[in-house]
Every structure is written in C-alpha cells, then in structure tokens.
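Take a walk through this fold, from its nonpolar interior to one of its sheets. Keep the 3D view open.

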Amino acid sequence: MSEQTGPATSEPATPENEQSPHEPTVAESTPTGKDGQDAAPAEGVSLADVLVAIEELWPESLAEDWDAVGLVAGRPSQPVRRILFCVDPVLEVIEEAVTWEADLIVAHHPLLLRGVTSVAANTPKGRAVHRLIESGVALVSVHTNGDSAVGGVSDVLADALGLDGIGPLTKAANGLPEEGIGRVGDLPEITSLGALAERLFAILPAVAGGVRVSGDRDGLVRRVAVCGGAGDSLFDAVRAAEADVYITADLRHHPASEARASSLDGRPYLVDVSHFASEWLWLPAAANALDNVLTDQGHSLDIRVSTINTDPWDFILTPGEE
C-alpha cells in the first residue's frame, strides 16, 4: 500500500506534518547459512524480489555511463515489508526510515556517486553507510534510469503541467523510442510565461529558492521542454525541439547567459527551479508504480514517501516588487 506523503507546496515540510505511521512491525535480522551465504527470509518479500520489480520499472541499462545506480547496501535475501522513497539519502532521511522501521530506502540520488577509499564513520557518507548497515536498512539508487524511463522524473513533471504529445529531449541509447533524458511537449493552449511559471510554482514543493524566470513575463508560450534535475547540458536539444520555454534546475550563470545571448527572439525562455523540488514530484508516482508491480506479483508492502525537505537552502532575500 502506497502512502503519498511529502513536502507541502505551500510551506516547507517538517516532521510534524508527517502522517501517523502504521503500527510498526519489527524487521527480523537475516540469518546466515552454514556456508556463509544468506539464508532465505523467514517471511515477507525478499529484497531480491523488490530489486526485480525495480528493474522492471527503471532498468539499469537506461542509466547514463557516469552514473551509479542499483543496490548500495543490503542483503538480497533480507525481508522487506516497508519501503521509503526519497530524493536524497541523507542521514536525516535514514533516521526517518529507521524510526518508521523501514527495511528499504529507494533514493533518487546516489549516496556514493564518486569513488571512495573509506566509509569511516567520521565523514557524512560514512556515517550514512554505518547507520544503514547497523539498522538493517537497505538502500537502492534509481537515478538517471529513473529520469529516462517511461513515467520517470521528467515525464511526471510534463504531466503535471498538462503537456500533450510528450517525447524525450534526447533519446536513450538502450531504451524505447519514448525513453530518454528530458521531455518536450505542448500546452493545451497558448499561455503567458508568467502564468506558466505561476502554475509551476503552485505544483512544486515549497523551497527557499522558489522559481526563477528569464524572459518576457507576458511572452506567449506553448511548446515546453522540461528536465528534472540539472539540465543545462541539454540546450542544443531544447533548441532543436523548438521549445518556447525550458524548465530545469541548477542553471549556471554562463550557460544561461549564453542561451539568452544566442537567441534571436528571446526563446527559449528559461525557468530555473529547485533541483530537489523538480525531482520530488516523481516520488509519489514512483511509489505507486512500485506498489502496483509488487501487488501484481502477489506482495503487499507498506510504501511511503519521505516527509523531509532535503533542499539545501533555508531562506532567500529578494528585492521587493512595487
């Protein structure tokens, strides 16, 4: 059963906003066989079974070459009864999972994207790894494979804006024609850039950075390109798609400035949103999708979305409008 809890769109989420959890079920530790191999779980679905369902939805073959996706911590044989979805597997989220007695965290962002030589507990990542293992909580990363797959991060963002005729900005090398990074589609009717930005602001979780816009507030737009997460590497694809506006996160000064300078008519307009917020929208959809696959396979698990806002910014100062 999937629970769609999470950060509110009107105010930052706090642990106090969390819904009451189900009655806790204490996960038993997984015994080890005589030959040192993992024994089969005593009850519930195994982590290995959940990994099969995750692969069905978000194949690892769709991940970018530089990415690190899949199982990060956990024994494939351990039982799984509760799954927590999150954007960032930071220590605060791990503590939320431990308190709720989750057996598995499905995180969008990898915990260990770059190579490490130590996971000593005197570093943030080391403390996270130790807490996961000591608490018996497994961790799986669904990153660019979750971006590229049908129903992925950018698909959810495009659907939330009501886009029609959605297709990928860049097609996946190892996927279906409709899979790839980013999405582009058309609004049902022409609207102003300001109205589109306001609609986007209303559907995203509340974060300090809000929504930043580059372009004529009254400019008319219909064709919209989106990329959840950092997307300033896709400007060529956005221009090739003849998008009126491009919505993404983490737009840096120089790529944004060059995009404006190279435009003949001000397009594509740019809308810069929070990295966390743009990807959080996917979590409830992803939780429901995994719940549906596991239910079809005869399994019943508690699946919920983290209530913790892991956007790194706390407040922002801006000049007031007249």
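**Cores and sheet**

The largest nonpolar core holds 54 residues. Those with the most contacts inside it are Val50, Trp58, Ile83, Phe85, Leu104, Ile247 and Leu290. Helix 10, residues 282-296, gives the most to this core: seven residues. A second core of 17 residues is separate, and includes Cys86, Ala102, Ile105 and Val137. Bear in mind that the model is predicted.

Now centre the view on valine 50. Leaving out residues up to four places away in sequence, Val50 touches Val45, Val80, Ile83, Leu104, Leu290, Leu294 and Leu301. Among these partners, Ile83, Leu104 and Leu290 are also listed with the most contacts inside the core.

Turn next to the sheet. Strands of a sheet pair through backbone hydrogen bonds, in either a parallel or an antiparallel sense. Here six strands form an open sheet with mixed pairing. Their order is 8-9-11-12-13-10. Strand 8 (164-171) and strand 10 (212-214) are the edges, and each pairs on one side only. On average, neighbouring strands are turned by 25° against each other, direction ignored.

What is the partner of strand 10? Strand 10 pairs with strand 13, residues 269-273. The pairing is antiparallel and runs over three bridges. Look for serine 214, whose bridge partner in strand 13 is leucine 270.

Helix 6, residues 193-203, packs on this sheet. The helix touches strand 9 (180-192), strand 10, strand 11 (220-230), strand 12 (245-249) and strand 13. The direction of helix 6 makes about 120° with that of strand 9.

Key:
Residues are numbered from 1 along each chain as its sequence is written. This is a predicted model: local features need pLDDT of at least 70, side-chain atom pairs count only at pLDDT 80 or more; totals for chains, interfaces and linings use all residues. Side-chain values use heavy atoms; hydrogens and water are left out. Two strands pair if DSSP finds at least two bridges between them. Helices (H or I, at least four residues) and strands (E, at least two) are DSSP runs, numbered from the N terminus. Axes are lines fitted to C-alpha atoms, for helices over the stretch in contact, and angles run from 0 to 180 degrees between N-to-C directions. Contact means heavy atoms within 4.5 Å. A nonpolar core is a set of buried Ala, Val, Leu, Ile, Met, Phe, Trp, Tyr and Cys residues joined through side-chain atoms within 4.5 Å. Buried means under 20% relative accessible area, exposed over 50%, partly exposed in between (1.4 Å probe, protein chains only).
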